[in-house]
Each structure stands twice: as structure tokens, then as C-alpha cells.
There are 2 protein chains.
Amino acid sequence: MTRASTRKPGEAGGDDQAAVPRRLLEHATKLFAKKGFDRTSVQEIVEAAGVTKGAMYHYFGSKDDLLYEIYARVLREQTRQLESVASSDAPLRERLGAAASDVVVSSIDNLDDNTIFLQSMHQLSPDKQKAVRAERRKYHERFRGLIEEGQASGEFRTDKPADVVVDFFFGSVHHLGSWYRRGGTLSARQVGDHYADLLLDALRPPG
Amino acid sequence: MTRASTRKPGEAGGDDQAAVPRRLLEHATKLFAKKGFDRTSVQEIVEAAGVTKGAMYHYFGSKDDLLYEIYARVLREQTRQLESVASSDAPLRERLGAAASDVVVSSIDNLDDNTIFLQSMHQLSPDKQKAVRAERRKYHERFRGLIEEGQASGEFRTDKPADVVVDFFFGSVHHLGSWYRRGGTLSARQVGDHYADLLLDALRPPG
DNA sequence: GTCGGCATACCGACCGGTCGGTGTCCAAGG
DNA sequence: CCTTGGACACCGACCGGTCGGTATGCCGAC
């Protein structure tokens with residue numbers, strides 16, 4: 001019977017013909033999010049993707065690698081997005097609000113990746129974990145910079161350390177996956193705007 | 001050689017003599033928090049606790065049971081605390097502030113339990129998971145009640161759904177474990193008060 | 001013919017859970 | 001006081017099964 005397809009490896013097509021690494025990543029993401037990293041066997045992943053273990057270990061060095069690639073993709077995308085918003089020349093409140101709302105929307109759009117991030121990060125090998133953390137910290141620092149800018153200009157309260165506010169906010173963001181359900185009453189953008197408002201208003205100088 | 005101790009089973013003592021179930025729970029908590037539920041073998045737990053597998057399966061029906069007991073303990077304590085604060089006759093803002101600050105402090109005091117909650121809940125058997133979720137929802141509903149009370153009285157803004165605010169806040173709380181480190185510059189209570197302030201100020205009617 | 005891109009068969013390690021047995025304490029009988 | 005018996009707490013060897021990873025072979029393209 002042989003796996004259908006006489007196509008070239010890199011060639012795109014319908015769904016079946018999508019590049020093997022992409023299919024693997026895609027199905028691994030879904031399974032990791034649904035059952036957790038440890039509970040998902042390599043066998044399940046390759047079956048879902050319609051290939052065999054040989055194929056997987058041809059493209060990825062280990063099961064860990066699969067997880068790491070998922071992280072890296074998410075981090076790259078979020079970092080890119082933040083950088084683009086934060087460095088515009090709009091007023092500070094708008095930039096922070098947009099950054100906050102955007103990260104919520106993108107977290108909801110990719111709820112699976114978000115869930116994995118939350119639950120499985122500590123299962124990565126120590127060095128890969130370190131790499132992820134470093135990237136993550138850079139992201140947080142960029143975000144914190146926006147808050148500190150507003151504190152320096154007097155727009156934001158100064159009685160709350162900026163890093164506490166950052167951790168406060170990203171805690172909320174990371175936990176979206178535990179309550180947000182598609183098809184609910186709120187769209188991703190609505191939640192994003194609510195969250196952004198709550199953040200900005202929490203930052204108003206006390207009076 | 002025989003396990004030292006001619007004490008009666010229930011009898012308390014130093015550390016070695018603490019009741020076996022307690023010791024198991026204690027070490028299981030630490031190990032689960034450090035390495036995750038799936039990555040921790042029953043063998044490791046019983047070795048850390050200084051007993052054998054036989055002893056563990058004498059007191060707990062399964063590895064899942066161990067995890068469930070840890071959850072249940074935390075939930076009972078937090079629910080008790082919230083109920084006590086929420087039903088006092090202090091002004092609303094004080095009650096909500098105290099509830100918020102308290103849950104942060106208790107989450108930090110038991111960072112391990114908190115970490116486990118975050119990472120391992122989905123590894124419980126479905127029925128136990130359901131039980132935990134139900135208890136958790138009751139807790140959130142009680143908390144939400146406080147916010148709705150303030151919205152009804154005009155003290156709090158009404159343009160943000162109370163349940164969104166609750167999820168926003170508890171996201172932050174659940175994520176304390178990913179950044180708070182003992183020995184840092186902030187005490188648990190300081191963080192709690194910061195978080196409570198941020199929540200209360202985010203709830204001020206917009207102006 | 002040889003090289004990338006897979007498939008297939010298989011290995012060794014480990015893991016949760018079980019189960020027959022053992023030591024200890026206590027209560028009752030003599 | 002000593003014996004007996006049996007409940008309770010625990011021991012530790014063992015088992016079936018699973019999993020990540022590997023070794024090897026095949027096959028079409030160049």
C-alpha cells in the first residue's frame with residue numbers, strides 16, 4: 001500500500017501533502033495540549049500525522065526537540081509582534097494597550113501552544129529550558145520597558161514595581177487557556193481589550 | 001534491622017516518626033512540584049519518604065490518589081480562608097482586598113502545591129478532575145460575588161464582566177510560582193498587597 | 001550507485017500496581 | 001502470667017505493559 005504521494009518533499013499540497021515536519025509539529029501540538037507532553041507517546045503523534053517513527057526521528061532528534069520547536073515558534077511570533085507595536089510612534093498608552101491586547105488575542109488564537117507552554121515547559125531538558133526562559137525574559141523586559149516609560153513620564157503610578165505589574169499581567173495571559181472557550185460570548189479581541197483596559201486602569205496613579 | 005520505631009501508628013514524634021501518610025504526601029508534593037507528576041515515579045516518592053511501595057499502596061489507592069489528596073488539602077484551606085474573610089462585616093473594599101491579598105500569601109506560602117495545581121491538574125483521572133474543578137468553581141463564584149456586590153453598589157466599574165475580572169486576577173495568582181522566589185526583595189504579604197491594590201484600582205469606575 | 005527520505009522491527013529500561021508474606025500489638029482465654 | 005489468634009501496618013519481589021529510541025532495509029530521484 002505505501003503512503004500515497006509521489007510529490008517532492010518540500011512541495012505543498014492539500015493537507016495530506018503538507019511537509020512531514022509541519023504535519024508532525026501540528027499534530028504534536030494538538031496532542032500535547034490535550035493530553036500533556038508525557039502522556040503523549042511518539043507513536044500517537046506519528047500515527048496522527050500519518051507517518052512512522054522513522055520519519056519523525058529523521059527530522060527531529062528527540063521528542064523533546066518537537067516540544068522545543070513548538071515553543072520557539074510561538075516565542076518568535078510573539079516577540080516579533082511586540083517589537084512591532086512597541087516601537088511605533090503612537091502615544092504610550094496606546095502602544096501598551098495594543099501590546100497587551102495583541103498578546104491576548106494571539107494567545108487565544110493559539111490556545112494550544114499557550115496551554116503547552118503553561119504545562120510542559122518544565123519537562124524540557126535543562127539547557128533547552130534555559131534557552132526558552134532567556135527568550136521569554138527578553139520579551140518581558142521589553143514589555144516592562146513600556147511600563148517604566150510611563151512611570152518616568154508620570155502617566156503611570158510609581159508605587160508598584162514595574163516587574164510586579166508585568167508578572168501580574170502575564171499570569172493572567174498565560175492562564176487564558178484554562179478558562180477561555182471558543183464559541184463563548186466574548187471574542188478574542190474583546191477579551192484582549194478588557195485585559196488591556198484592566199492593566200491600563202490598574203496603572204493609573206492612585207487618587 | 002527493621003524500621004526504627006516501636007511507636008503506635010498514629011503517634012506523633014520528630015520528623016522520622018511523623019505518620020506515614022503525612023510523610024508520603026509531603027515528599028510527593030515536593031517531588032511533583034520539582035519534576036512534574038508523570039516524571040516522578042512511585043519508587044522515588046517512597047524512597048524520599050523512607051517507606052516502601054507496599055506502605056504507600058496501603059494508604060493510597062493509586063498514584064493519582066496522592067495527587068488528589070494534595071489538591072483537596074489546598075482547596076479546603078483556601079475555601080475556608082475566603083469564606084471567613086468574605087463574610088465579615090467590614091466594608092466591601094476591605095473584604096475584597098483582604099481576600100485577594102490572603103490568597104496570594106497562602107499561594108506563596110505553599111508554592112509547591114500551587115505549582116502542582118498549575119501543572120498537573122489535567123493528569124488526574126477525569127472524575128477526580130471533575131471534583132476538583134467543581135470545588136474550584138465554587139471558590140471563584142464566591143470571589144466573584146464580592147465583585148458583583150461592588151458593581152451593584154456603584155463602587156466598582158460595571159463595564160467589565162465580573163467573571164472576566166476574576167479569571168484575570170486568578171491567572172496572576174496561579175502564576176506566582178513561575179516567578180516568585182523566596183529570599184527576593186518582596187515578602188509574600190507585600191506581593192499580596194500589591195496584587196490586591198492592582199485589582200481594586202483596576203475596578204475603580206473609569207473616569 | 002548513492003543518497004535523502006522514509007518504513008519496520010525491535011531493544012532495553014522503567015513504571016504502576018499486585019500479592020504473598022512478615023513483624024507487632026492487643027485482647028481474650030486459660 | 002502465658003499463650004493464642006487475628007487485625008493492622010508494612011515489606012519487597014515481581015509482572016505485564018509501555019515507551020523513547022535505534023538499526024537496518026527499501027525505494028525512487030538524480
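Which surface do the copies meet through, and what share of the interface residues of chain A are also interface residues in chain B?

1. Before anything else, a reminder that this is a predicted model. On the opening question: 100% of the chain A interface residues turn up as interface residues in chain B as well, so the copies meet through the same surface.

2. The symmetry goes along with that. A turn of 180° with a shift of 0.0 Å along the axis lays chain A on chain B, with an RMSD of 0.1 Å. The two copies are thus related as by a two-fold rotation axis. If you want to find that axis on screen, go to A:Ala202: of the residues of chain A, A:Ala202 comes closest to the axis, its C-alpha being at 2.1 Å.

3. Now the chain A–chain B contact itself. Chain A puts in 25 residues and chain B puts in 25 residues. On the chain A side, helix 8 (162-174) and helix 9 (188-202) each supply at least two of the residues that touch chain B. The make-up of that side of chain A is mixed: 9 nonpolar, 9 polar and 7 charged residues.

4. Next, DNA strand D. There are 18 residues around the strand, and A:Ser41, A:Ser62, B:Thr52, B:Gly54 and B:Ala55 come nearest. Three elements give two or more residues to this surface: helix 2 (42-49) and helix 3 (53-59) of chain A, plus helix 3 (53-59) of chain B. Helix 3 of chain B has the largest share, with 4 residues. Sorted by class, the surface near DNA strand D comes out as 6 nonpolar, 8 polar and 4 charged residues.

5. Last, a helix pair inside chain A that I'd look at. Helix 4 (residues 63-86) and helix 5 (residues 92-109) of chain A pack at an angle of about 160°, and their axes are 9 Å apart. That makes helix 4 of chain A roughly antiparallel to helix 5 of chain A. The crossing of these two chain A helices, helix 4 and helix 5, is right-handed.

6. Which residues make that packing between helix 4 and helix 5 of chain A? From helix 4 of chain A come A:Glu77, A:Gln78, A:Gln81, A:Leu82, A:Val85 and A:Ala86, and they meet A:Arg95, A:Ala98, A:Ala99, A:Asp102, A:Val103 and A:Ser106 of helix 5 of chain A. By class, this contact of helix 4 with helix 5 in chain A has 6 nonpolar, 3 polar and 3 charged residues.

Key. Residues are numbered from 1 along each chain as its sequence is written. Chains are lettered from A and ligands numbered from 1 in the order in which they are written. This is a predicted model: local features need pLDDT of at least 70, side-chain atom pairs count only at pLDDT 80 or more; totals for chains, interfaces and linings use all residues. Two residues are in contact if their C-beta atoms, placed from the backbone, lie within 7 Å. Ala, Val, Leu, Ile, Met, Phe, Trp, Tyr, Cys and Pro count as nonpolar, Asp, Glu, Lys and Arg as charged, and the others, Gly among them, as polar. A residue is near a molecule or strand if its C-beta atom, placed from the backbone, lies within 6 Å of it. Copies are superposed by least squares on the C-alpha atoms of residues with pLDDT of at least 70 in both. Axes are lines fitted to C-alpha atoms, for helices over the stretch in contact, and angles run from 0 to 180 degrees between N-to-C directions. Angles under 35 degrees count as roughly parallel, over 145 as roughly antiparallel, 65 to 115 as roughly perpendicular and the rest as oblique. A crossing is left-handed if the near helix is turned anticlockwise from the far one by less than a right angle, and right-handed if clockwise.
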